[in-house]
Amino acid sequence: MSAIDQIGRRREGIGGIVDSVLEEYGSVQGLLFLLPTLVLLTGIVFYPMIQNGLLLSLRDYTLNPAAPDPFVGLANYEYWFFGAGQALFLFSIKVTILYELLVVPFDLVVALGAALLMNERFQLPGLGIETRAFWRGLMLAGYASPAIAAGLTWGIMQQAAEYGIVYQFLTQFFDIPASGGIVSNKPWAFWGVVIAKVWRDFGFMYIVFLAGVQSIPSALYEISKVDGANPIQRFRYITLPHLRTVIVTVVMIRTVFTVGKLAIPLATTQGGPVNYTRVLGLVIYDVGFGEWALGRAAALGMMFAVSIIPLILLWVKTETEDY
Amino acid sequence: MATKSGADDFTFERSGSKYNWEDHYKPVLKYVFLIVFLSWILLPVYYTGVNSMKGPGQIFKTAMGIPYLTFDPLPFGALIPILLGEVPLVPAGSSGSFTGLSAWRTMWEAFPFVEYMVATTVVSVGTAGLATVAAVFSAYAFARLDFPAKTPLFILSVMGFTFPIVLLAIPIFVLMQQLSLLNTYLGMILAFTAFTLPYNIWLLRGFFEDLPDNLEESARVDGCTQIGAFFRVILPLSRPAIASVFLLAFLLAWHNYLMAFILGSDPLHTTLAPAILQLRGTFFVKNLHYIMAGTFLSMFVPILMYMYLQTHLVEGLSSGGGVKG
């Protein structure tokens, strides 16, 4: 194709050559911009995922890097589906799904509440100084701290001891066994992990919702107030419809990002009592880097990856559909 | 409450009683909610901060209390070295008392916190730099250029971020073992880039898309080349956004546990997050204040950064919108 300028007339001479080169080059230019990213991602994501993820799952990993790993076919997959790992596999799937079903809605409710609250004004009485920005920043304390530190602290606070203040508080209302406290008794450990996880994670949704709430014109609220709508009606008929798309997107993101996380259960309960809070990510971590059965762990990881690909594609679709 | 004056003429009398209830209680209620919320959010921060300054006995007595002195009153001058942690522990026989910052000092010196901090900072800065530079170019391409296979390439690029890190951990561990990059900063930086780069691409693409369409065109009219327009117009405009994306990548690397744990079995080449978890094994419950000190120190820096980042992020995003408006 040769260079044709906007009027549809071919340009002559040097200018025409430059134009035609640029035009030829134009579609490749985007790829040139992409080059560093593609090289990096190929090196550290795609190549290892295929070479060391997919192929390793068909092998029995030996700790000696010099020795070849024997090829065992589908034995690693068989281990999880029909072999000794079946019980743990099925149980941890259940745990992971339950974990998602508790964490994401709690995240949503807490974050929405925080965003609505932080949309209010907090003027110091008498002085007229607006303190809202400061509280808004403090709300992010959980999201800012490392998940490991959060899990560790909540785990300590949930122990049945004099210093376990969360246990001391909750034991006033619930009958929590004194041996083991929240972190090592059956129904409670799960809630302990969920509290820590929501504390750590709701900040992300909170930031997104805060931006969403701020974009709602305040005139809508004033008009509806004049028309006699109460706060619940205003939330139901103004706030929620405005935030609907944001809520759908964010819930999807959170679902995808929570699914493989393991730091909070690891630091809070270490997966216990027995396997009660051992989410799938933690199983992979334990089998891979605790027992050093990397082949088995890779097999589990591959199944995990395949099962969440639809979730990821759904998310990417909502991300890209308006363009 | 405003006095009855001209502004109130707009109030509808008929529905007045209904709103008075709300106007009356809302100012109180919102402070109640604020206090409840913040006490839940600041609880772990307060708990670790306060207990890091107490001896074990005092932690067992009042975990929520403010550290207090249990021994005979000292002249004020004698308190200063205790506060600074220069006197390692309080007088004999009172193991349960106020320890000042001595636990922090122990963390800093004995538990090699300084080394962990250095390692974490090097790795986080390296990761953020690499991820941001690569992401600026590719996010620009995804947002504003046309090229073949754009959508599939975008999905592939962002996938690394949505993929759980634990699934990348095993392949990357084996790769780094083959390249003998275990226990090196380079290996860790490369591994962390696997999930920070897609995140940065995703964020920056959104920002570049919000810039007005005709920016490059006007630069081209003024005589810039396409690439010149990118370097001279787009990059300077997006400096705040790039800065916040850099900081977010920095914090993502700072917070990561799994990759740092598997790639840094050597304690001096691992980052803060795995080191914090080691605290639980290293110190028994008897020495809870050491665990508290380490945890508090690891939370402190990112919390400060986030509070700074919050305003910075708003600036970065609003300047993008400002160009548009």
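Helices here are DSSP runs of H or I with at least four residues, numbered from the N terminus. With that convention in place, the loop between helix 7 (165-178) and helix 8 (185-210) of chain B can be located, and Ser180(B) is found in this loop. The model is a predicted one.

The two chains may be introduced in turn. Chain A contains 13 helices and 0 strands, and its pattern along the sequence is accordingly written α-α-α-α-α-α-α-α-α-α-α-α-α. Of its 323 residues, 38% are buried. When contacts in chain A between residues at least 6 apart in sequence are considered, 61% join residues at least 24 apart. Chain A is also divided into domain 1 (13-54) and domain 2 (85-292), and the C-alpha centres of these two domains lie 41 Å apart.

Chain B has 14 helices and 0 strands. Buried residues account for 43% of the 325 residues of chain B. Among contacts in chain B with a separation of 6 or more, 75% are between residues 24 or more positions apart.

The loop of chain B named at the outset deserves a closer look. Most residues other than glycine have a negative phi. Ser180(B), although not a glycine, has a positive phi of about 45 degrees. A second residue of the loop between helix 7 and helix 8 of chain B is Asn183(B), where phi is again positive, near 60 degrees, in a residue other than glycine. Are these residues buried or exposed? A residue is exposed if 12 or fewer other C-beta atoms lie within 10 Å of its own, and partly exposed if the count is above that but below 20. Ser180(B) has 10 other C-beta atoms within 10 Å and is therefore exposed. Asn183(B) has 16 within 10 Å, so this residue is partly exposed.

Attention now turns to helix 8 of chain A, which comprises residues 186-214. This helix has 29 residues and reaches 42 Å from its first C-alpha to its last, close to the 42 Å expected at 1.5 Å a residue. Where does helix 8 of chain A bend? The bend falls at Asp201(A) and amounts to about 40 degrees. Why is helix 8 of chain A described as largely enclosed by the rest of the structure? The description follows because 21 of its 29 residues are buried.

The same helix leads into the nonpolar interior. The largest nonpolar core has 164 residues, and those touching the most other members are Ile148(A), Tyr206(A), Ala169(B), Ala191(B) and Leu258(B). Helix 8 of chain A gives the most to this core, with 15 residues. Tyr206(A) can be followed further: apart from its neighbours within four places in sequence, Tyr206(A) is in contact with Ala111(A), Ala114(A), Ala115(A) and Met139(A).

Finally, the two chains may be considered together. In the interface, 73 residues of chain A are in contact with 77 residues of chain B. Which helix gives the most to the side of chain A that touches chain B? That contribution comes from helix 1 (residues 13-54) of chain A, with 17 residues. By residue class, the side of chain A that touches chain B divides into 52 nonpolar, 16 polar and 5 charged residues.

How values were computed. Residues numbered from 1 in each chain as written. Chains lettered and ligands numbered in written order. Predicted model: local features only at pLDDT ≥ 70, side-chain atom pairs only at ≥ 80, totals over all residues. Helix = DSSP H or I, 4+ residues; strand = E, 2+ residues; numbered from the N terminus. Expected span 1.5 Å × (residues − 1). Bend = angle between axes of the 7 residues up to and from the residue. Domains from an automatic or database assignment. Contact = placed C-beta atoms within 7 Å. Nonpolar A, V, L, I, M, F, W, Y, C, P; charged D, E, K, R; others polar. Core = buried A, V, L, I, M, F, W, Y, C linked by C-beta atoms within 7 Å.
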